[in-house]
Amino acid sequence: MNGKEKQLKKTLLLVAFCFSLMLKTAGQGNLRIRVNPDDATGGAASEIFEEINYIPLETKKASVFGKIDQLFITDSLFLILDHDINAILIFNKNGRFHGKIEGGSESKTYHPLGIQAFFVDKEKGEIKYKLGETRVIVHNFNGEKIREETTIRSKHVYIFPNDEIVFFYYNSNDKNNQEEFNNELAWQRNGHTYQSALTYSIKNPVIATSDWMFKNGTPFYEGGNDTIVFYSRPFDYTIYQVSPKTFIDKYSFLFPASFSLPPDFRTKQEYYGKRFSLLREKYSKSVIAITNFNKVGETICFSLLGLTFNKNNTFFYNLESSKLISFDHITPGAANSFLPLKAGFAFTGIHTTDGRYFYSSVSSADMFNAKSINSRRKLKYPGAINTYFNKGSKNDNPVIVQLKIKSNMKKCV
Amino acid sequence: MRVVGAIILTFGLIPWSAYSQKDSTWTGAVYGIAFDSAHNYILGNATAAIYRVDSSILINYQLTNNYGEFQFERLPVGISLKIVLSYVGYKDISIPFTLSKEVKKIDFGKVNLRQKDNELEEVKVVYKPPVRMNKDTLEFNADAFDEDENAVVEDLLKKLPGVIVWGDGSITVNGKEVKSLLVNGKPFFGGSTRVAIQNIPKDAVEKVQVYQQGQSDIGTRDSTTEVNIMLKEDKDTGYFGKLAAGQGNDNRYEQLAGLNWFSRKTQLGVIASRNNTNRITGNAVTLLENNTFKGGTDMDYQPQFNLPGINKIIEGGLIFQRDFIEKTDFYNINRLYGNYFLSHNNKAIDRSSETFTAISNDENIVTNSTYSNKSTFRKHRFDSKYETKKNRSLFSLNVSSLFDHLLERTSSSNVTYDTFKTIQSTSELSNNGVYNNNLLLLNSSYEQELNNIGSSQNLKLRLNYSGMLNRIDERRIASSEFNSFTIPSMSQVINRNYNNDRKDFENSFVAGLDNLARLKIIGGKSLILGIEAAVLTTNNKIDNKVYDTSIIADNNKLNPFLTYKARYQNISVSPALILSNSISKTLSNRYERGFTTSLNIKGQFYSQEVNSTQDVQNSRIRYYKFIPEALFRYINYRFGEFKDVYSVKFRQHSIFPNAVQLLLIADSADIYRVRAGNPNLRPSDVREMSIEVSHTTFRNRNQLSYSANFQLGSTRNYIGDSSIIYKNGQTNYYYVNLPGHRFLNAGFTLDKSYKIKEQTLQIMVSANGSVALVPGVLNSMFYRSNVYQHVSDVKIYYYPASFLGITVGHNWVSYKMRQNGSSLDFKSIIHNSNLNIYSALTPRLTLNNHISFVHNRFTGGKATYNIWNASASYRLLKNKNAEIKFSAFDLLKENSNISYHNTNTSLSTIYNNVLQQYFMLTFSYFPRKFGR
């Protein structure tokens with residue numbers, strides 16, 4: 001790197017830093033959301049959801065998978081990443097299998113999981129996943145490989161329309177990194193960084209890899225339209241709204257003291273490498289992070305990550321009425337044929353939203369178990385589910401659940 | 001760790017009847033939903049219980065299902081009842097109702113429960129819910145279950161839904177075996193389930209908790225089921241014990257005294273037993289297990305009628321446990337455990353035997369012997385263990401010591417005949433000696449996870465040290481008079497005085513680093529690298545002084561051949577490189593299949609040196625051995641259905657000759673078995689392959705598990721015997737290296753259990769067999785024998801009702817040896833069938849019958865006898881603290897113990913004096929207090 005380049009880089013970093021300050025300033029005046037998990041209400045599914053649809057995903061030899069680790073929804077497709085089989089499966093919206101992108105053994109040379117996560121360019125109809133630091137493999141929506149690209153190193157990427165990309169640089173333990181990242185997030189257009197946010201020293205990190213509880217989860221969650229994505233991070237009770245031009249600390253969560261970490265838990269250097277032990281010994285009841293944040297209309301849905309949040313960890317919150325409903329306390333009923341609304345044992349939160357529905361999934365083992373329990377009710381299942389129960393088995397693929405929340409949750413409680 | 005998420009114990013909507021007097025008039029039903037109207041949600045896993053209003057008797061109860069629903073059927077009509085709903089953190093609600101002939105069904109709809117305003121709010125507890133889910137723990141409330149006032153925890157467990165106490169003492173909860181039973185979170189008196197559940201009164205129990213404890217098992221989502229007995233706060237200190245004395249005819253007696261005290265942090269138990277009825281346990285915990293308040297139906301604690309001789313036994317022990325932290329859990333332990341045991345046996349054996357020995361194809365000899373032995377054997381054993389677990393590190397220290405003292409006087413007369421019944425030799429032998437053996441063992445291990453990548457991938461340091469200090473001294477006088485008629489030159493009269501001392505000192509140190517590095521190989525796969533080093537040193541010092549004595553001359557002369565000082569030292573260093581690779585394929589909610597390969601590239605540097613005052617013993621040898629191991633394991637785990645494990649292991653290792661095999665100098669005073677060591681012995685190299693298969697079901701009912709294993713191998717330089725058998729019965733043995741040793745071992749176990757209503761049936765089968773080609777040299781001729789051995793055991797436990805237990809067992813042992821190229825063919829088969837019937841005729845009167853049918857068949861004869869023991873016991877006093885018991889043993893008076901002993905060239909038929917019919921009256925008192 002010659003002197004000019006160094007000078008240019010320094011200038012760019014300075015500009016990015018100023019932008020981050022500006023962006024931060026733009027975030028003043030965020031919305032405070034008070035959440036007491038113990039006070040969350042519940043209700044019958046029919047009281048809370050306007051519509052509940054079950055979409056069995058076709059099970060055949062090529063399409064068999066275990067669980068949904070990432071779900072992305074386009075106008076006509078469900079794109080599903082399953083780490084169990086290291087593949088991205090493509091299903092039509094009616095559940096018919098459409099194609100598959102297999103990570104193969106090569107991807108596992110880069111990471112034990114193979115494909116860690118994928119990102120989608122909806123405009124171009126492209127599915128991309130990263131191999132290692134710079135390789136990007138690009139497939140079309142039929143699952144066919146189109147090309148390879150190279151990009152700057154980043155763990156997670158989100159693509160907005162018009163090729164505006166936001167990168168997630170967070171790599172907490174990388175002291176030997178030669179690149180000088182000073183922020184968690186950076187925005188690029190045509191390969192050039194034009195803004196960044198959230199100061200973070202990669203050379204002198206305060207959070208060790210062992211401190212971080214959800215290393216493989218995506219930090220970006222769908223905002224319900226093409227230009228908004230939400231960002232969350234560990235030990236921080238703020239949800240940030242990211243768009244091609246803006247960065248806003250949109251929602252600040254407040255929990256009762258017994259659920260809260262000390263304010264400096266994230267930033268204190270002395271806690272480096274000790275956070276897991278501290279959580280276990282002193283803060284076992286505390287919320288570690290807010291994950292799976294999704295928004296449909298005026299309803300947000302989020303999950304709380306913590307050592308004791310085994311159940312009762314996912315909530316719907318109406319921004320207008322401030323009503324808090326625990327997903328765990330929503331009871332299936334006649335409206336959804338007494339079928340489960342979410343995974344039982346391994347439920348970690350809502351998968352995503354398409355701006356209209358929240359999406360969860362249920363394993364076929366749970367579906368058939370419910371059918372067995374329901375046998376005394378003499379139910380008549382709706383068409384697709386009836387066919388699924390008649391022709392399928394507990395070894396079939398998971399079933400996608402579309403949940404359309406009632407627009408005004410005030411009435412439901 | 002406790003499994004996060006739902007406990008896989010599905011109890012919802014299974015009504016558990018607590019009242020057995022249902023009849024056809026019980027036709028009522030009630031339904032409803034437990035509901036929190038303030039928060040607008042249903043309450044799943046809430047407890048619904050139905051009681052009679054007049055007597056508060058619990059009639060039925062259940063946990064609500066995922067929809068909050070409860071549903072009771074077959075309820076009494078025309079009786080005032082009440083339903084009580086309860087849920088953790090909520091106030092109970094009680095609704096009275098009466099079902100009538102006109103209104104047989106009531107739907108309560110949504111029954112609203114209200115949260116307690118705060119955690120400190122005291123609510124008057126009227127009805128304790130019989131069962132409740134408290135987070136991931138299923139809790140049974142002991143007070144809700146009506147039992148006899150003297151009931152123990154075992155009686156309570158048998159009443160709990162989903163819990164089965166099986167005939168062999170194991171416990172399952174919804175089909176999952178309980179791996180550990182704790183009392184207030186701690187092991188109880190040595191961790192024995194039986195000591196805990198058959199002594200602790202049901203009234204001392206607050207609740208029984210059932211939960212899942214996680215377990216790392218190459219990444220499978222296995223977990224184990226644990227049961228914790230929580231004692232009531234005022235009952236967590238107490239004592240229990242047993243005092244018993246019995247007197248029988250023929251001067252038979254048995255006495256026992258035991259007292260065990262426990263508090264929140266400390267447990268101390270003392271127990272002692274004295275008898276001449278061949279009841280031997282060998283350790284304090286077994287002694288405790290066989291003398292519980294409840295008493296057992298077990299057929300294993302019968303007098304040992306096949307034990308040779310008359311045994312006067314004293315056993316006693318002490319158990320101590322101290323927890324330095326009051327509330328221990330999976331992550332935090334700081335515990336000291338001590339166990340002392342004394343056994344003392346005065347034995348008198350009178351034995352006659354006939355030994356058939358083959359010399360060649362057409363020549364054999366028969367030796368008839370009478371043998372008498374009077375001995376006193378005293379053994380002290382002390383074991384202690386300290387363990388501490390905190391912050392991903394585990395340290396444990398074990399110290400054990402053993403003091404054995406044997407005083408023995410033996411004498412024998414022997415006559416040997418040839419094939420034509422001509423006397424070849426006679427002998428008179430005697431041996432009077434004192435033997436002492438003092439042993440000190442120390443074992444310490446330390447494990448530390450050095451990072452936190454993930455539980456199975458963490459870099460882990462392992463250190464283990466064990467040391468052994470052993471001292472043996474032997475003081476004995478042996479005399480032998482041997483008259484050889486065909487070879488007169490071998491006739492001899494020998495009197496010897498032995499003063500032999502031996503000191504052994506062994507050290508073993510093992511250090512290992514697991515998950516040291518990941519090595520990338522082709523195709524994106526990686527190998528996990530670990531290293532290990534083991535160092536073993538052995539130091540034996542032998543100081544033998546043997547005097548030839550002459551009664552006539554009254555002088556002692558040092559025997560220059562048998563007297564020597566020797567030092568045997570060896571050091572073994574084994575560095576190893578461990579490469580492993582695991583490939584697993586998981587399909588969530590369906591299966592997990594994993595293939596593990598592990599290659600242990602291991603070498604062994606072995607150095608051995610003998611320095612002796614007998615030149616012939618001196619040697620110095622060094623070896624380098626390549627002793628690799630390879631393991632292939634495949635696991636197929638179907639969630640909620642079964643787990644199959646298949647493994648194949650290849651192993652090559654060496655067995656080095658020990659000090660005795662190298663140094664032993666032939667002592668002609670032994671007459672019939674003159675054995676000599678061989679300083680030129682080389683190590684045996686064993687190559688073996690083992691295959692193991694196991695299957696375990698995870699069904700809620702009628703589980704099945706089986707396993708099979710095979711071991712196939714060969715030994716190069718097998719250390720065997722070269723023997724010369726003389727017609728006069730004398731045999732000289734010499735250790736030699738021999739070629740051509742092969743072996744095949746196979747084992748099989750099966751465990752199948754059924755639960756049909758209140759009846760339990762458990763079938764346990766085990767079978768082990770081996771075929772070996774064993775080389776030997778007989779009279780300078782090399783031979784190989786085919787040796788077949790087999791042991792199989794079947795036990796069936798059938799409990800048709802709580803007052804009746806039937807156990808049937810069959811044990812089958814067979815042995816067959818055929819020498820290749822000769823007509824030698826030895827066979828022995830023993831069948832031993834047992835039937836045990838336990839019946840509690842009334843709550844106080846118990847009958848026990850135990851019958852053994854023994855059928856022995858062997859080359860040249862057979863023997864059949866049956867032993868029938870019966871007892872009747874009656875519990876006295878209000879608390880059943882006293883027991884009077886009448887027992888009759890060997891009612892048929894048929895015990896005539898015959899046993900067999902084989903070598904590769906001989907078969908002995910042995911008749912011992914044994915315990916025979918006797919009757920005994922025993923009085924027992926059980927002092928016990930649970931509570932301050």
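Author: Let's fix one thing before we start: Lys and Arg count as positive and Asp and Glu as negative, with His and the chain ends left out. Keep in mind, too, that this is a predicted model.

Reader: Fine. How far apart are the mean positions of the positive and negative charges of chain B?

Author: Take the mean position of each set, then the distance between the two. In chain B there are 106 positive and 82 negative charges, and their mean positions sit 2 Å apart.

Reader: And how do I read the overall form of chain B? What does its radius of gyration agree with?

Author: You set the value against a rule for a globule with that many residues. For 932 residues, a compact globule would come out near 30 Å, and chain B has 33 Å, so the two agree. Along the principal axes, the C-alpha trace spans about 110 × 75 × 50 Å.

Reader: How many helices and strands does chain B have?

Author: Four helices and 50 strands. For contacts, look at separation along the sequence: among those between residues at least 6 apart, 67% join residues at least 24 apart.

Reader: What about the surface of chain B?

Author: The accessible surface is about 43,400 Å², and carbon and sulfur atoms own 55% of that. Buried residues account for 49% of the 932.

Reader: Let's try single residues. Is B:Arg409 buried or exposed?

Author: Go by relative accessible area: under 20% is buried, over 50% is exposed. B:Arg409 has 54%, so B:Arg409 is exposed. You'll find B:Arg409 in strand β23 (residues 393-417) of chain B. Setting aside residues up to four places away in sequence, B:Arg409 touches B:Ser372, B:Asn373, B:Lys374, B:Asn431 and B:Asn432.

Reader: And B:Thr922, buried or exposed?

Author: B:Thr922 is at 9% relative accessibility, so B:Thr922 counts as buried. B:Thr922 belongs to strand β49 (residues 918-925) of chain B. Beyond its neighbours within four places in sequence, the contacts of B:Thr922 include B:Ala244, B:Gly246, B:Glu254 and B:Ile884.

Reader: Now a helix. Which residues of α5 in chain A are buried?

Author: List the buried ones, then check which way they point. In α5 (residues 364-374) of chain A they are A:Ser364, A:Met367, A:Phe368, A:Ala370 and A:Asn374. They cover an arc of only 155° around the axis, so they lie on the same side of α5(A).

Reader: What covers those buried residues of α5(A)?

Author: The cover includes strands β3 (49-56), β25 (358-362) and β26 (399-405) of chain A, along with helix α6 (383-391).

How values were computed: Residues are numbered from 1 along each chain as its sequence is written. Chains are lettered from A and ligands numbered from 1 in the order in which they are written. This is a predicted model: local features need pLDDT of at least 70, side-chain atom pairs count only at pLDDT 80 or more; totals for chains, interfaces and linings use all residues. Side-chain values use heavy atoms; hydrogens and water are left out. Buried means under 20% relative accessible area, exposed over 50%, partly exposed in between (1.4 Å probe, protein chains only). Helices (H or I, at least four residues) and strands (E, at least two) are DSSP runs, numbered from the N terminus. The arc is that of the directions from the helix axis to the C-beta atoms. Contact means heavy atoms within 4.5 Å. The radius of gyration is taken over C-alpha atoms; the globule rule is 2.2 Å times the number of residues to the power 0.38. Accessible areas come from the Shrake-Rupley method with a 1.4 Å probe; for residues, only the protein chains shown count as cover. The place of a charge is taken as NZ of Lys, CZ of Arg, CG of Asp or CD of Glu.
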